[in-house]
Amino acid sequence: VLFLSTVLLLYFFWGNISFDQLKPTAAQTGGEVPDVISLIKPEQIVVNFGADNYTVLPPGDVWYTPTESDKDSFVKELGRFGPQENVLVKEISFDQYQQVMKLRSIRAEFSYDIPISDFCTYFGMKKPQSYDTIETVTEIGYSTAEEKSLFIRDGKNDKFYWLAADSEENDGANKMDFPGLISSIETKGYSIYYPVSSYLGGSVKNDTLVPLSVQANLKSFLFRQDFYSYQSEKINAMAEGFFGGNFDFVRKITEENGTIIYMYGYGQNVLIVNTDGSIEYKEEPTGGSSEQGFSGELETAVNYVAAHGSWESLDRARLTPYLKDVIRDPDKKKGYRFIFGMEVNGSRLFYETGDPIVVDVTSGQVTYYKRHMIDFDQKDIEAVETDASKDAFSAVNLIAQNFRYIYEILLQKGEAPATNDQAVMFNEIASMVKGMQIGYMKPSNMEAAEIRPVWAVTVNSTEIYFDLYSAEPVGYSRD
């Protein structure tokens, strides 16, 4: 009887409260909202100076500069491409796409597919009706093979397109000048990249570009969790932002391991505060709105994060967010999962486990939100900027020195065939290298207190991390 009375009492209090009241109050929505355009960055920019002379760049200023800036950029050139109409769109083969990119060229490679209409809107491109044959943009580039043209890879449908502008209408003072952008990169100096197969001979077939040598000034720095389980006031203030004025009606459960669970109603809204400094919020879909599409759902996600913890650490350590990946209809639920990464001083921060921010959006409603940010002293990061650069460990020698370690990881994950032949093992690993970049790594060990500079080597679908200067193995992606 007591249990039944309790349930009825809870229903009396909770059953008459609208879920609209769960939205945060004005005082809880003060986080700065980043410009969506600044979040959408390519994974890398590949420049071919001709004669198989390549470099690979992080997006940075080469990709995008604000409109008022005098600096040239990839995005500014996209905005100058073509007239409103009279752009010929022709599907080409993968071989044809490769051939034009083997000439003097530049291309931006994304790790996800962006709907063509949203891409044009974000980056100021005119969108003639002829673009309707293209569904998404995964790569976009320019080649001197066709000087008044662009080339697109639609990764979703595995198709390639040639966009040719009307010659007369694409001339003038404001005409597209990708050759000038390529020349400016060349003049400033760059790290030379070659295909893996160029270093390792004919026994390995792999066109992935890796650098001959790289200099960097990255160094280790101390970090803290965004919060700790003993910081009750900090945790409660954050939790109240999810439940707004109804926080008094939220149940709080503290488990033996220190995990705190906040629950509204009968599980319709749940906030889990983990001991590793991460939070997870889940909300049942209400089904009240229509789907907003890629751009609308992304804007919803960006605003939500700003209102629920901000795009910095809770104590305002500055991190630069970027859209790392996009998953359509996650877990067979209609909508989008947006995965956000972070940069420190322009270098990417890799997580051994998980990601800094994950948001699921369904028809304009956030149904899942995971936040796992870090905190640090800003002065430690600023000190790095003044350090002199030094040589990173050779990328090619790193593979040769660690191929057995890499092989064992892939074998455990079922991503490599079993063999005891060292030559076969080496060739197998070398042929599966998908990319190499430098950055920082956050370890999964909760006892760790140091972020260290690393080589991040993508082998098949696994990211493996090595000390940037010694090539000592330090971890790998465990998701």
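**Notes on helix H5, strand E20 and some salt bridges**

1. Starting with helix H5 (residues 94–101): Tyr97, Val100 and Met101 are buried there, buried meaning under 20% relative accessible area, exposed over 50%, and partly exposed in between (1.4 Å probe, protein chains only). These residues sit on the same side of H5 because they cover an arc of only 100 degrees around the axis, the arc being taken from the directions from the helix axis to the C-beta atoms. Helices (H or I, at least four residues) and strands (E, at least two) are DSSP runs, numbered from the N terminus.

2. A word on the model. It is predicted, so local features need pLDDT of at least 70 and side-chain atom pairs count only at pLDDT 80 or more, while totals for chains, interfaces and linings use all residues. Residues are numbered from 1 along each chain as its sequence is written, and side-chain values use heavy atoms, with hydrogens and water left out.

3. What does H5 pack against? Its buried residues pack against several strands, including E1 (44–48), E3 (87–92) and E4 (105–115); contact here is heavy atoms within 4.5 Å.

4. Next, strand E20 (residues 357–362), where six of six residues are buried. Ile357, Val359 and Val361 are on one side, Val358, Asp360 and Thr362 on the other, and both faces are covered. In a regular strand the side chains alternate between the two faces of the sheet.

5. E20 has antiparallel neighbours. Strand E18 (residues 336–344) joins it through five bridges, with Ile339 opposite Val358. Strand E21 (residues 365–371) pairs with E20 over six bridges, and Tyr368 is the bridge partner of Asp360. Pairing requires at least two DSSP bridges between the strands. The E20–E21 hairpin has two residues between the strands, and Ser363 takes a positive phi near 50 degrees.

6. On to salt bridges, each a side-chain nitrogen of Lys or Arg within 4 Å of a carboxyl oxygen of Asp or Glu. The count comes to 26. Arg478 and Glu352 form one of them, with the closest N and O atoms 3.0 Å apart. Arg478 lies in the segment after strand E27 (473–476) and Glu352 in the loop between strand E19 (347–351) and E20, so the pair ties together parts 126 residues apart in sequence. Is each partner buried or exposed? Arg478 is partly exposed at 44% relative accessible area, whereas Glu352 counts as buried at 5%.

7. One more item: Lys41, Glu43, Glu343 and Arg348 are linked in a salt-bridge network.
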